[in-house]
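Student: Could you take a close look at the salt bridges here and walk me through them with some care?

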Amino acid sequence: MAVVPPRRAGCELTQEIVAKHNTRESCWVVLYGKVYDVTDFLGSHPGGAKIILKLAGQDATEEYDPIHPPGILEEELKPEAFLGTIDPSTVPQAETSSEPQEELEGPPPMENILNLDEMEEVAAKQLSQKAWAYYYSASDDKTSKSFNNQVYRSILLRPRVFVDCTKCELDTTVLGHKLQTPIYVSPAAMARLGHPSGEAGIAEACRKFGAMQIISNNASMTPEQIVKDASPDQIFGWQLYVQIDRKKSETMLARINKLKAIKFIVLTLDAPVPGKREDDERTGMTGRTAAVTSGVKAAERSADDTPNPTEGSGGVGQQLFAGTDPSLSWTKTLAWLATQTDLPIILKGLQTHEDAYLASLHAPQVKGIILSNHGGRAMDTAPPAVHTLLEIRKYCPEVFDKIEVHVDGGIRRGTDAVKALCLGAKSVGLGRAALWGLAAGGVEGVSRTLQSKFFQCFVWPYLYSHTCSLE
């Protein structure tokens, strides 16, 4: 495996020896004080070889830890890849400046944050440049991302009077499971980039409010870790990106089938290839962080239909999409999925009423849809979810009777949520907002994001009028 193997596996290695193994022919890295030979793994790394080679011969823990779920090393590397431990006495100590260091300003008390714009502003000050760029970025000119937020302002509420506002219940159901709020957390990847508690921290906040959480396929924690402390009645969904190497998806689905807390599968369709997220890519080009100085282009296919990532500039987003299958179809993919799980299926990423209607024809296997343009991160100028919701009401309202319709993207205020619910959505999702909350204040920040002052407010009585108008 290595050009110069150590005398015996498990021995203590010096930093000088490790540093010599910094090529494609012999690539070692240090993770959590342990030395691994990852030479044979370079070709199969989903993020491409170049990202590892940038850290060859070095301690990669700081860059590796917030992105990869614990335990992934043991799953991906052969036992013999572990070479030994690093001798701490040979590791250069970071230089300390004699100049007084400016004390970083911490976040304000979460109760002082009054809206999601303020939460995002606070979070941006706590995040690394890499994390901010990945969370904030969207495709091309960010037109869809911006319009997602703006479009709700053009939809007007029609307030009705003499309505008893003392009997406002937020309880709802999703696929027959009771929730205490119609606001859920959308699948949002790499939560540990923002805070060490990661997706488990989001789950803890959701537990407090009886909110549903859809776990990202690219979560920075394993599904088992995320649902470990869930309450008996807590509801989770699992987001699925189907891989070109179907065995990987099938193995993951087998794990998901065993977790009682996960009640349904969310098959994601709105990002068949990675979007051109320039903020994310630009972070790599500046060299401000070694982990994203290079990524991968959309995965090419070799003759045997296996992923063949190509090296090129890119950010975290492109690395995560390497190996995702862009060839999904209504009949083949749903038929395959039926052989892998008995869990209900929700299709995420529908952006036209025509596709919503087609989805309804696949009931009862398909139980619901999530209208979404992937937060503007996939194809720029794609329509906002609420426009698709209006299309369904106009052209094929029978869809609401056949499958559940949920909405994701652009929800920033309680009034936004109310408008989507009045127009027929069963629930509304928050993606980036949960990540901003986590980055700003950990579990407390996510709790503040889901709190009543943000989304319930005085506008909930309008749910009883069920009337909106388009300006």
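Tutor: A salt bridge here is a side-chain nitrogen of Lys or Arg within 4 Å of a carboxyl oxygen of Asp or Glu. In this predicted model, a search of the whole structure on that basis finds eight salt bridges.

One of them joins Glu-63 to Lys-130, whose closest N and O atoms lie 2.9 Å apart. This pair links distant parts of the chain, since Glu-63 belongs to helix 3 (residues 61-64) and Lys-130 to helix 6 (residues 129-136), 67 residues apart. Both Glu-63 and Lys-130 are buried.

Helix 10 (residues 246-257) carries a partner in another bridge, between Arg-255 and Glu-224 of helix 9 (residues 223-227), with 31 residues separating the two. Here the closest N and O atoms are 2.7 Å apart. Glu-224 counts as partly exposed because its relative accessibility is 30%, a value that falls between the limits of 20% and 50%, and Arg-255 is likewise partly exposed, at 22%.

Arg-246, also in helix 10, is paired with Asp-325, which sits in the loop between helix 12 (316-321) and helix 13 (330-338), 79 residues away along the chain. Their side chains meet in a salt bridge with an N to O distance of 3.0 Å. The two ends have unlike surroundings: Arg-246 is partly exposed, with a relative accessible area of 23%, whereas Asp-325 counts as buried, at 6%.

Finally, Asp-117, Glu-120 and Arg-412 are linked in a network of salt bridges.

Conventions
Residues are numbered from 1 along each chain as its sequence is written. This is a predicted model: local features need pLDDT of at least 70, side-chain atom pairs count only at pLDDT 80 or more; totals for chains, interfaces and linings use all residues. Side-chain values use heavy atoms; hydrogens and water are left out. Helices (H or I, at least four residues) and strands (E, at least two) are DSSP runs, numbered from the N terminus. Buried means under 20% relative accessible area, exposed over 50%, partly exposed in between (1.4 Å probe, protein chains only).
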